[in-house]
Amino acid sequence: MPQDKGAIDIFGLLSDDTTESEKKKNREQLLAPTGVKELFKEGKININKYTCVGVQCKRCVDVCPTNALYWGSGEVGIIDDLCVYCGACVLNCMVDDCIKIERKRDNGVTEKFSKPKDVIMLQKTANTNKRIQRVQSVVMKPQDYYCKYPEAKLKPKTK
Ligand code: SF4
Ligand code: SF4
């Protein structure tokens with residue numbers, strides 16, 4: 001059967017026999033159709049098949065935005081190259097510590113989590129940090145303010 005020239009060779013892209021830069025490029029190509037951006041430098045995900053309730057649940061498979069999780073051979077499988085370590089699966093898992101994720105941010109900070117409440121706390125912290133950065137970007141620093149308005153400087157009290 002003739003091969004569709006526009007089709008992506010997923011198995012070729014997932015091959016282990018590639019250099020790191022090729023892997024990165026292949027990963028970008030695999031993630032492009034999902035429209036999901038990579039926010040973390042690196043990470044790893046692990047699912048405990050002994051605590052997973054499996055067929056009665058499959059919530060992680062349903063919520064994964066990149067289809068990195070699938071149901072096959074009676075358990076949840078992971079396509080590591082498609083995982084962006086977003087934490088949506090952990091947030092929706094009904095069993096604490098069943099899915100474990102470790103991810104590294106661009107600033108070098110490593111985050112480890114395995115419970116829904118961990119994901120919520122990390123999200124709150126990230127939102128707070130974003131708000132602080134936003135305020136800092138629009139509010140003038142005291143030294144800049146006094147440079148611009150030198151008359152605003154407090155004068156020493158005279159007796
Ligand atoms: S962290 Fe979970 S939900 Fe997010 S991409 Fe990876 S497997 Fe999917
Ligand atoms: S959400 Fe958790 S318990 Fe449910 S199938 Fe996925 S890993 Fe298993």
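A cavity is a set of grid points, taken over the protein atoms alone, where a 1.4 Å probe fits but cannot get out. With that in mind, welcome to these close-up views of a predicted model.

**Figure 1. The space of ligand 2 is the largest cavity.**
This view starts with an enclosed space that is filled by a guest: ligand 2 takes up the largest cavity of the structure. The volume of this cavity is about 90 Å³. Its lining is made of 13 residues, and those nearest the centre are Cys52, Cys57, Cys60, Cys93 and Cys98. Sorted by class, the lining has eleven nonpolar residues, two charged ones and no polar ones.

**Figure 2. A closer look at the residues around ligand 2.**
Here the focus moves from the space to the molecule in it. Among the residues that surround ligand 2 are five cysteines already met in the cavity lining, Cys52, Cys57, Cys60, Cys93 and Cys98. The shell also includes Ile47, Val53, Gly54 and Lys58, and further on along the chain come Val76, Val95 and Ile99. By class, ten residues of this shell are nonpolar, one is polar and one is charged.

**Figure 3. Two cysteines beside ligand 2, Cys52 and Cys98.**
Are these two residues buried or exposed? Cys98 counts as buried, because its relative accessibility is 2%, whereas Cys52, at 24%, counts as partly exposed. Is there a disulfide at Cys98, and what decides the matter? A disulfide needs two cysteine sulfur atoms within 2.5 Å. The closest cysteine sulfur to that of Cys98 belongs to Cys93 and lies 4.4 Å away, so the pair is too far apart for a bond. By this rule, the count of disulfides in the model is zero.

**Figure 4. The second largest cavity holds ligand 1.**
The structure has two cavities of 30 Å³ or more, and this view shows the second largest, the space taken by ligand 1. About 70 Å³ of space lies inside. Its lining includes the cysteines Cys64, Cys83, Cys86 and Cys89. Ile45, Pro65, Thr66, Ala68 and Leu69 are also among the lining residues, as are Leu82, Val84 and Ala88. Eleven of the lining residues are nonpolar, one is polar and none is charged.
Around ligand 1 itself there are 13 residues, of which Cys64, Cys83, Cys86, Gly87 and Cys89 come nearest. This shell divides into eleven nonpolar and two polar residues, with no charged ones.

**Figure 5. The largest pocket of the model.**
Now for an open space. The largest pocket has a volume of about 580 Å³. It is lined by 21 residues, and Phe40, Arg103, Arg105, Gln123 and Ala126 are the closest to its centre. Helix H4 (88-92) and helix H5 (116-138) are the elements that give two or more residues to the lining. Which element gives the most? H5 does, with eight residues. The lining is a mix of ten nonpolar, six polar and five charged residues.

**Figure 6. Gly77 in strand S3.**
The last view settles on a single glycine. Gly77 is found in strand S3, which covers residues 75-78. This glycine counts as buried, because its relative accessible area is 11%. Gly77 and Ile47 are 30 residues apart along the chain, and their C-alpha atoms are separated by 8.5 Å. Ile47 is also one of the residues that surround ligand 2.

Conventions
Residues numbered from 1 in each chain as written. Chains lettered and ligands numbered in written order. Predicted model: local features only at pLDDT ≥ 70, side-chain atom pairs only at ≥ 80, totals over all residues. Heavy atoms only, no water. Buried < 20%, exposed > 50% of the residue type's maximum accessible area, 1.4 Å probe, protein only. 1 Å grid on protein atoms, 1.4 Å probe; cavity = no way out; pocket = protein on both sides within 12 Å on 5 of 7 lines; lining within 4 Å. Points joined across faces, edges and corners; volume = space filled by probe spheres on them. Helix = DSSP H or I, 4+ residues; strand = E, 2+ residues; numbered from the N terminus. Nonpolar A, V, L, I, M, F, W, Y, C, P; charged D, E, K, R; others polar. Near = heavy atom within 4 Å. Sits in = over half its atoms within 2 Å of the grid points.
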